[in-house]
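Student: Hey, got a minute? I have a structure open and I'd like someone to walk me through it.

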Amino acid sequence: MKRSLTRAEIIRSRQDIQRVFRRGKRIQCNGLSLIIQSNHLDFSRFLFSTVRKFGTAIGRNRAKRLAREAIRLHKQRIKHGYDIAVVLYPGEYTYQDREQEILRALEKFGCVVE
């Protein structure tokens, strides 16, 4: 399995994004919200977003980059067949903070294979 996020593993279409946000199950964590919806595919797809009042473009892009890296490094542990939206909130979070919160939220959903 490739460790990078491929084009197919990123949710891009407006219809898919709306479906995840409308029908997905939500969990709120410290600094982020995770929304998960089944997609009936052989792989999981991901979406990274920030809230409107996040701050500057530099801060938004850095937060999304840290979240993408955490998912990329642990994607082999994530069960297949889910669309996962990661919504990030502003704050002073390190990479380790984001990584721990994402993994904790995925474990609450039961999406992580040990």
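Tutor: Sure, let's go through the sheet, then the helices, then a few single residues.

Tutor: One thing up front: this is a predicted model.

Student: Okay, noted. What's the strand order in the sheet?

Tutor: It's an open sheet of four strands, in the order β1-β2-β4-β3, and the pairing is mixed. The edge strands are β1 (25–29) and β3 (45–50), and each of them pairs on one side only. On average, neighbouring strands in this sheet are turned by 15° against each other, if you ignore direction.

Student: Mixed pairing, hm. Do β1 and β2 run parallel or antiparallel?

Tutor: Antiparallel, with five bridges joining β1 to β2, which covers residues 32–38. To spot this pair, look for Arg26, which stands opposite Ile35 in β2.

Student: And how many bridges link β2 and β4?

Tutor: Seven bridges, and that pair is antiparallel too. Try finding Gln37: its bridge partner in β4 is Asp83.

Student: Then where does the parallel part come in?

Tutor: Between β3 and β4, which run parallel and are joined by six bridges. Two spots to click on: Leu47 has Ala85 as its bridge partner in β4, and Thr50 stands opposite Leu88 in β4.

Student: How many residues of β3 are buried?

Tutor: Five of its six, so β3 is mostly covered. In β4, six of the seven residues are buried, and that strand is mostly covered as well.

Student: Switching to helices. Which strands does α1 touch?

Tutor: α1 packs on the sheet and touches β1, β2, β3 and β4 (82–88). Its direction makes about 105° with that of β2.

Student: What about α2, where does that one lie?

Tutor: Helix α2, residues 57–74, lies across β3 and β4. It runs at about 155° to β3.

Student: And how do α2 and α3 cross?

Tutor: Helix α3 is residues 95–109, and its axis comes within 9 Å of the α2 axis, with the two crossing at roughly 55°. That makes α2 oblique to α3. The crossing is right-handed.

Student: Which residues meet there?

Tutor: On the α2 side, they include Ala63, Leu66, Ala67 and Ile71. On the α3 side, Tyr95, Ile102, Leu103 and Leu106 are among them.

Student: I see Arg65 on my screen too. Which helix is it in?

Tutor: Arg65 is in helix α2. With a relative accessible area of 45%, it's partly exposed. Its C-alpha atom is separated by 9.5 Å from that of Tyr95, although the two residues are 30 apart along the chain.

Student: Okay, new topic: Arg19. Is that one buried or exposed?

Tutor: Buried, because its relative accessible area is 19% and the cut-off is under 20%. Arg19 is in helix α1, which is residues 14–23.

Student: What does the side chain of Arg19 make a polar contact with?

Tutor: With the side chain of Asp83, at 2.5 Å. Remember Asp83 from the sheet: it's the β4 bridge partner of Gln37. Arg19 touches both of those residues, and its other contacts include Gly24, Ser38, Asn39 and Arg45, leaving out residues up to four places away in sequence.

Student: Nice, that links up. Now, where is His40?

Tutor: His40 is in the loop between β2 and β3. It counts as exposed, because its relative accessibility is 75%.

Student: What's its phi?

Tutor: Near 60°, so a positive value in a residue other than glycine. Most residues other than glycine have a negative phi.

Student: Last one: where is Gln76?

Tutor: Gln76 is in the loop between α2 and β4. At 45% relative accessibility, it counts as partly exposed. A polar atom of its side chain lies 3.3 Å from the backbone oxygen of Leu73.

Student: And how far apart are Gln76 and Phe46 in space?

Tutor: They're 13 Å apart, C-alpha to C-alpha, and 30 residues apart in sequence.

Student: Great, I'll go and find these on the model. Thanks!

Key. Residues numbered from 1 in each chain as written. Predicted model: local features only at pLDDT ≥ 70, side-chain atom pairs only at ≥ 80, totals over all residues. Heavy atoms only, no water. Buried < 20%, exposed > 50% of the residue type's maximum accessible area, 1.4 Å probe, protein only. Polar contact = N/O pair within 3.5 Å; in protein donor to acceptor, adjacent residues only side chain to side chain. Contact = heavy atoms within 4.5 Å. Pairing = 2+ DSSP bridges. Axes fitted to C-alpha atoms, helices over the stretch in contact; angles between N-to-C directions. Parallel < 35°, antiparallel > 145°, perpendicular 65-115°, else oblique. Left-handed = near helix turned anticlockwise from the far one by under 90°.
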